[in-house]
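Biologist: I am new to this structure and would love a close look at one part of it. Could you choose a strand, tell me what surrounds it, and then show me how other parts are put together?

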Amino acid sequence: MKKHNKFRLLPLTLAIATAINSYAVIAEEEQVDNTEIIQVTGIRSSLTESLENKKNASSIQDSIVAEDIGKFPDQNVAESLQRISGVMISRTNGEGSKVTVRGMGPKFNAVKVNNRTIATTDRGREFDFQALPSELISGADVIKASRANIAEGSLGAYINVNTARPLNSSGFNAVGSLDAVYNDLTGDYDPKGSAIISNTFLDNTIGVLFGYTQLSTTNRIDAAGTTHWSSFQADNKSVAPGPITDEVGNNIEEGTIWYPGRATYTIDTEKRKRTSTNLTLQWAPNNDTTHTFDALYSDLSRQALSNGMQVPLHFSGWEDVIVSENMTALKATKSASPIDGLFQERGQDSHTIALGLNSIYFVDKWTISTDISYSKASADQRGNTLVTNFVNNNVDQSVKPGDEGYQPDQQNGFIVGQDYIEFDSRNGDVIDISSTIDYADPASVRTHWNDIQHNEVEDEILELKLDANYEVDNGFISSVDFGLAYTDREKSQAFYGIDGCGATVSTCGNFLDLEDSLFAINDTSDFLSDVKGDIPREFVLINNINDYKNSIGEIRGEPNWTQEILRPERSVANTEEILAAYGQLNLVGEFDSFSWSGNIGLRYVDTQNSSSGHSIERLSLIEKPVQDGGGLALEAEYSDPAVIQVTTDYQKWLPSFNINMDFGSGFFIKAAAAKVIARPALEDTGVNKVYQQNPRAGDLATSGGNPYLNPYEANQFDTSFEYYDESGNAYSLGLFYKDITNFISTQTTSVDTGLVLDGWGSVYEAITQKSNRSGGSVSGFELAGLHYFDYLPGWLSGFGVQANYTFTSSKDDDATEFERPNVQSPSSGLEGFSENSYNIIGFYEVDGFQVRAAYNWREGFLAYRSGPRIGSNGLPQHTDDYGQVDLSTSYDINEKLTISAEIINATNANILEYADVRERVTTLQYTGRRYQIGITAKF
């Protein structure tokens, strides 16, 4: 792609700056000191250093520091970050993956490693901490108030994760650990190991550090839920012959009744393997010069097989219906339709590499630095869905009307009027199912729909930075920062898929028999063991996924049916070039009652975006001669893909101000104000569109990207009151307010296609894409405290407690009442914001023995104002309260050997999501407890 002219000279400029050994960056960069340092390690030393970083930072921030080389406070970086006030995390299969700060979700936070952007395999900008092993991390800073001299891109926080530096620990250092990890759902033990070696040479002027970690785990996720929520009218006898009553037996004659279109039950088994290495080389020929080279590589494989079933409740024939006061169908009996076997292959193999070279020089009053970094990530993301039908296996499909053995009312694998499905959700959060269809018998399995697809995602980033600091010492101006930064990023997605039914012989809706030997019966009797009721606990599993695929190929007459083809209209490449320049005055002064320091700065950002791909247009839309309760089937004709490219740009001026007032005796007041932006997710700015393969009149939909999106924008204001006692105790109160002036949200519009069908009427299409709109506001406060009980006698002096609480209030300026009957409209708050959250950590440390118990809790929140089809299907969707207990302990046998143990999710907490009211559960998920024991050796 042709580059923009005004950016052409920037790489040359920075190359020249590098060639002349330009100098270092921000005042936070370390200088080499050859003095021998005796390090004190452990919980207390880690917390003390974290508080020092917080107290002396140039803006409002919190920090975490490793207890020792190779020993981060938690086994996962995200899980450590949630101990900071205002930070919450999301989990993938029970492990912390992404962070939310002050209610602003992962897409609103800029995550860096050594102040560099790392390529990711998500289609957005979110950083997945599962790819970053905690053993290689020395610390992390969560900067909540922006400055001109840090990169733009966050409405929540700028999070910088630091890797270890060999010149910070002189001499030879080595640490290795071996651990066994146990998941109580799988019952499997898995290995985990790490090794870090560092050494310095030539009077500590050269340093080398090498780290290696490997983790293999087997996880299981038990889940149940509902999807495709819909409604019918109580007086529509063709859909619901009735009777319909409330929970005390009163007849319901009218009104809108809401029901789940499908009930699902699944067991996911995931195999995960992560191998990571990092190499750091440092050369400091003198006290004024340091060169640092970093290389980080991570290989992460996550492969999951899901076995389960889904029960269709979306067809007509509702009888004996009981509804709640919210008009939710709690219990009903329906004429049977095929129950689906639901088998899925999900996962990805991803590879990430990050390289960086930093040179820093101190010359007279100047500190100048150059930094060049390159990062690339690639992934093959698999998402296969294999759906079978379960029918009444007593019905012989080969027997036709008039033949011997034909049963009255035989139709499509059922005995019409006799076969039924009964559901009941009154016993808890999972729907009880009873049916004449035996979904636990391989003889009941017939063919249906099979979708094979994968995405090939690639992200490539080049960053160049030149930063300078000049000491002025002129009145209240202590120094001046200024610099340039250039980023060139390209992220692409190539989508591959197949025809899910078959061109020669269609497997969809024809109930073709499959060999019983392909299947087995679920022997996982502990499926959702904490859930009471008559839920499906035994159902059919696929023995071997490849045998199943071969059998489908034989039936379709297509041996290579799983060979996917590129779908150009669903593939896209996004290129982004960013040029930033900044200037910042660093200030210092003193009054009678306090001394102060601060900074005021301005950052200019010019962003160029280009999205390229292929576009197709629908040429015609007609009715197919197929009809069922799901809506009239449609047939669409599309044009050939045509190349399309859209280029946009925008420029932003971002002022910032920070002040830190020191009143002595450990009391500080900090304040900040800034204009900030967060760029749209790259996946949302594509020119690609997604059309349905098998559209129906009732749910015709199209989705796609919007290359004309502008960034999120906000004006934010922060105040922090902090107290640091000489004993090490510390307490703080933080206030924050964000005025979001530009927001991005999902917009769905209904468009008349012009097609009119007999018995149906006009066919409308739901077109969904991201659009800019006005925003809203976010405000709240944070309380944090650290208290040591070292004043207690004897062994009791080893106790301590760390706690924080965050209150967040949000308002969406564009929020409107949800005008659908018997649907509870969500509040005017923004999506993803929990009003209340807190963390409590109790710890004990004495004579090499330590214990830590942590509880984190997050209040439920609105996840989607209009939820996805595989979920609430347009209704508001919420995530329920979540609290988790983690326990860890370790003991130093001697100076070289330490044994440790850890329990993650000790109380077996579950994740629950629901539609507009709590009784309309869409997801209940258990990931189980994780146990880990290990030994660590230091040399």
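Modeller: Happy to; we will begin with strand 1 and then visit the cores, a sheet and a single serine. Please keep in mind that this is a predicted model.

Strand 1 covers residues 61-65, and five of its five residues are buried, so the strand is largely enclosed by the rest of the structure. Its side chains go two ways: Q61, S63 and V65 point one way, while D62 and I64 point the other way, and all are buried. As a general point, side chains in a regular strand alternate between the two faces of the sheet.

What does strand 1 pair with? Its partner is strand 6 (residues 137-143), which runs antiparallel to strand 1 and is joined to it by five bridges. One place to look is D62, whose bridge partner in strand 6 is V142. In general, the strands of a sheet pair through backbone hydrogen bonds, in either a parallel or an antiparallel way.

Now for the nonpolar cores. The largest of them has 55 residues, and the ones with the most contacts inside it are I244, Y265, V311 and W318. A second, separate core has 30 residues, including I137, A157, V175 and L296. In soluble globular proteins, nonpolar side chains tend to be buried together.

I244 is a good residue to zoom in on. Setting aside neighbours within four places in sequence, I244 is in contact with F232, A234, N250, N251, I252, I257, V321 and V323.

Next comes an open sheet of five strands, in the order 12-16-17-22-23 and with mixed pairing. Strand 12 (244-246) and strand 23 (432-435) are its edge strands, each pairing on one side only. From one strand to the next, the twist averages 10°. Towards the strand 23 edge, strand 22 (residues 420-424) pairs with strand 23 in the antiparallel sense over four bridges. There you can find F423 standing opposite I433 of strand 23.

Finally, let us visit S810, which sits in strand 43 (residues 799-812). Is S810 buried or exposed? Its relative accessible area is 16%, so S810 counts as buried, the cut-off being under 20%. A polar atom of the S810 side chain lies 2.9 Å from the backbone nitrogen of L830. L830 also appears among the contacts of S810 beyond four places in sequence, together with S777, V778, S828, G829 and F833.

Conventions:
Residues are numbered from 1 along each chain as its sequence is written. This is a predicted model: local features need pLDDT of at least 70, side-chain atom pairs count only at pLDDT 80 or more; totals for chains, interfaces and linings use all residues. Side-chain values use heavy atoms; hydrogens and water are left out. Buried means under 20% relative accessible area, exposed over 50%, partly exposed in between (1.4 Å probe, protein chains only). A polar contact is a pair of N or O atoms within 3.5 Å; within protein, one must be able to donate a hydrogen and the other to accept it, and residues adjacent in sequence count only if both atoms are side-chain atoms. Contact means heavy atoms within 4.5 Å. Two strands pair if DSSP finds at least two bridges between them. Axes are lines fitted to C-alpha atoms, for helices over the stretch in contact, and angles run from 0 to 180 degrees between N-to-C directions. A nonpolar core is a set of buried Ala, Val, Leu, Ile, Met, Phe, Trp, Tyr and Cys residues joined through side-chain atoms within 4.5 Å.
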